[in-house]
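Let's take a walk along the place where two chains meet. Have your viewer ready, and select as we go.

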Amino acid sequence: MKFTILFGGKAGQGPNILSTLLGQALINQGHYVFMSRDYESVIRGGHNFNIITFSDEQIYSNESKVDLIVALDENTVVLHKKKLKKEGSIIQGEGKGNMYFAGRIYKLLCIDFKILGEQLQELQRFEENIKDAMEGYQTETKSVCKVEINKRKLFFMNGNKGISDGAVKSGVDIYFAYPMTPATNVINELAERQLENNFVVMELENEIAVINAAIGSAITGAKTMIGTSGGGFDLMTEALSLTGIAETPLVIYLASRPGPSTGVATYTGQGDLDLARHSGHGEFPRLVVAPGDPVEAEELTSQAFFFSQEYGIPAIVLSDKHLAESSYTTNEIAMITLSKKRTELKRYNSYETDEFGNATENPERIIKNVEERNAKQKKINREAERFENYKIYGNKNSKNVVVSYGSTKGAIVDAVKNLDVKFVQVLYLEPFPEKIKKEIEGKNIILVENSATGQLAKLIAEKTGIFIDDKNKILRYDGRPFLHDELSEEIKRRLKR
Amino acid sequence: MTSKKPADKNLETGKIPTWCPGCFNFKILTGIKNAIEREIRNGKKKEDFAIVAGIGCHGKMFDYVNLNGINTLHGRVLPTCLGMKVGNPNLTVLGFSGDGDAYAEGMEHLIHAARFNADIKYFVHNNQVFALTVGQPTPTTEIGFKDKTTPQGVKFPPINPIKLMLSAGATFVARVYANSEQIEYIFREAMRHKGFAFVEILQPCIVFHNDKGYMEKTYSLDQVKHDKTNFQQAMKRAEEFNYSDVEKIPLGIFYQTQRKILEEQYPQLAELKRLKIGWKDIKR
């Protein structure tokens, strides 16, 4: 059983609240739910929609066709009716509030009204909402899907919640940020939790202030984290290089969206892998990790804290809007890697320094410092191999290998379910896992990436000498995430027997 | 050349200063070191202090004052100071910038630092020129100044940092001349102040901006019964010197007021201050 619902309307009409409400109700009943958000850079008006796909098996992505359209405005029908399956239906109600629609959907899906009532108690304007919801519930006469109650304990969370949980569980002391989609939810979430968990969250005047303040707090020994998206990260890169020479620990959450420049501000893309790996002038060690779901986001954030503290390096957690703001179903408990605070306040420098921390231009000393940084890189490489730095799914012995990283994981796992495919998900982009070469060598390698140039393919070529044929690169660069049914067809076309 | 082992007790780093012979930075350095040593004699520990300097001739202050801290990027002294204060609110954080550092590359931070009012002592070595890059105009260079980048002479009026800091809400705004006694005095006053202390040091550059004539135009605000609690008076005094025409240059504290400091605005930081610890000491 798989059922997909699209909720569309103007910004301000509340399609996101509506679908989140239903998603949570479905989760509480033991269903597996995946919900993505598509919204414009508009506060009131325009067109926003969410898509929920739910199933009695684990699901990590949406499909291209929908069973039900919930249209808060007429425009939703115009824009999306092509996606409706033959037997699909549309719920409309011009001028009605969003809880009217909630009532109708719950009735349609045979979810007890009591459940909706309990959920509404947690929102504002209960009286008004419950009245609207009841009206909707009584209006709806059809039933398109029987909702059974399963006794599974499941959680509904998005990637940014995973990053935030990871930071809190890693013992973050300070989080600095300047708001930028799609990283903003992390500062919001952490700000709300700062007093209860005793850490500090501060919004500063710009991203340059953010990273320099973070370096300041990091050298006092505080576990410090910052968050931004591509443009903000660009502003930070001079100071990223400073962390390289001063060897200060810092965790950086980089949540991508399509560039160049302002690009498509509220949509998704994986165009910043090269940026994460190469940003900052000069040569210095760093960690770049990319989670593919909220649990991995928690785990890899804790590993970023570990590496940054242990080795005094910047550690970048690379995500994107699709992972950051889509909601996933999880029943796993994240495996958190603990980290000690290793940094002492002493004399730090943006110059090369001698053994007393004083600036130096001495060539022997420069060589010594450079070689120490290189040696540290080697230690980091070895340590990284002790972690789960990539994952394998599907038929381990298949001739066909799909490679990817980050938020494409969900659609790929759903797409290759019934295919003869091995899926290699790269978790560590820097240092790059040594064993990847063996996993893909001699196979029919297919790349899936939300970018125009396939940056992971370039990285694989650099690290393994293996080139992926251009025809085998499945690239999407319209700002939208992959949908598993379409992706499955794309992969099938490239399979070898 | 590598340096000698720094002394544990005093402020010597063992590094021989590389400023030009006769540079006024020597006078600033002496004043600052005397002032810190006095604080240490009066019971403060060396470890209670932290120093942050930027890039430029002033930045070498870090090389010659043996305190914990960081010689950071050009223009980023203030956010770095803020971060250290948030990391451990018990530190006495001293920031040093040049006029390029403070008023060009780092201007946005300067305004916000005044707004945030963290307990940071900030000293700007203003020689009205980019000296370490051999003589280009900065935002406080006078109209008509000529060099290779502006052979026709500077066309734009300099900014007035004193007025700017008053407008931005700084709670302590002062100017001194690069003279060790004046610096010792103003350092003491800045230390007594609770909040962001902005101190501009007028510093002749003997190679690229030799303004020896400044000295005789200066006068002390103390001698004219200036009311440093009066904002309007402070603004008027600030306007007496526009960094281009040199008639009268007031020195001393233009303005001082009290406002809640950043460390008191966050209960988490207030608690660290009460316990006399930094986040480093928080076990989770």
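Start with B:I70 and A:Y348: these two are bridge partners, with B:I70 sitting in β2(B). Bear in mind as you look that this is a predicted model.

Now widen the selection to the two strands around that pair. Strand β14 of chain A covers residues 347-349, and three bridges join it to β2(B). Follow their directions and you will see that the strands run parallel.

Next, step back to the whole interface. Here 38 residues of chain B are in contact with 43 residues of chain A. On the chain B side, the elements giving two or more residues are β2 (69-71), α3 (77-87), α5 (107-116) and α11 (267-275). The top contributor on that side is α3(B), with eight residues. Colour this side of chain B by class and you should find 15 nonpolar, 16 polar and seven charged residues.

Since α3(B) gives the most, let's go there. Show it together with helix α8 of chain A, residues 207-219: the two axes come within 6 Å and cross at roughly 45°. The helices are therefore oblique to each other, and α8(A) passes α3(B) in a right-handed crossing.

For the last stop, turn on side chains at this crossing:

- From α8(A), select A:A209, A:N212, A:A213, A:A214, A:I215, A:G216 and A:S217.
- From α3(B), select B:P79, B:T80, B:C81, B:L82, B:G83, B:M84, B:V86 and B:G87.

What classes of residue make up the contact of α8(A) with α3(B)? There are nine nonpolar and six polar residues, and no charged ones.

Conventions. Residues are numbered from 1 along each chain as its sequence is written. Chains are lettered from A and ligands numbered from 1 in the order in which they are written. This is a predicted model: local features need pLDDT of at least 70, side-chain atom pairs count only at pLDDT 80 or more; totals for chains, interfaces and linings use all residues. Two residues are in contact if their C-beta atoms, placed from the backbone, lie within 7 Å. Helices (H or I, at least four residues) and strands (E, at least two) are DSSP runs, numbered from the N terminus. Ala, Val, Leu, Ile, Met, Phe, Trp, Tyr, Cys and Pro count as nonpolar, Asp, Glu, Lys and Arg as charged, and the others, Gly among them, as polar. Two strands pair if DSSP finds at least two bridges between them. Axes are lines fitted to C-alpha atoms, for helices over the stretch in contact, and angles run from 0 to 180 degrees between N-to-C directions. Angles under 35 degrees count as roughly parallel, over 145 as roughly antiparallel, 65 to 115 as roughly perpendicular and the rest as oblique. A crossing is left-handed if the near helix is turned anticlockwise from the far one by less than a right angle, and right-handed if clockwise.
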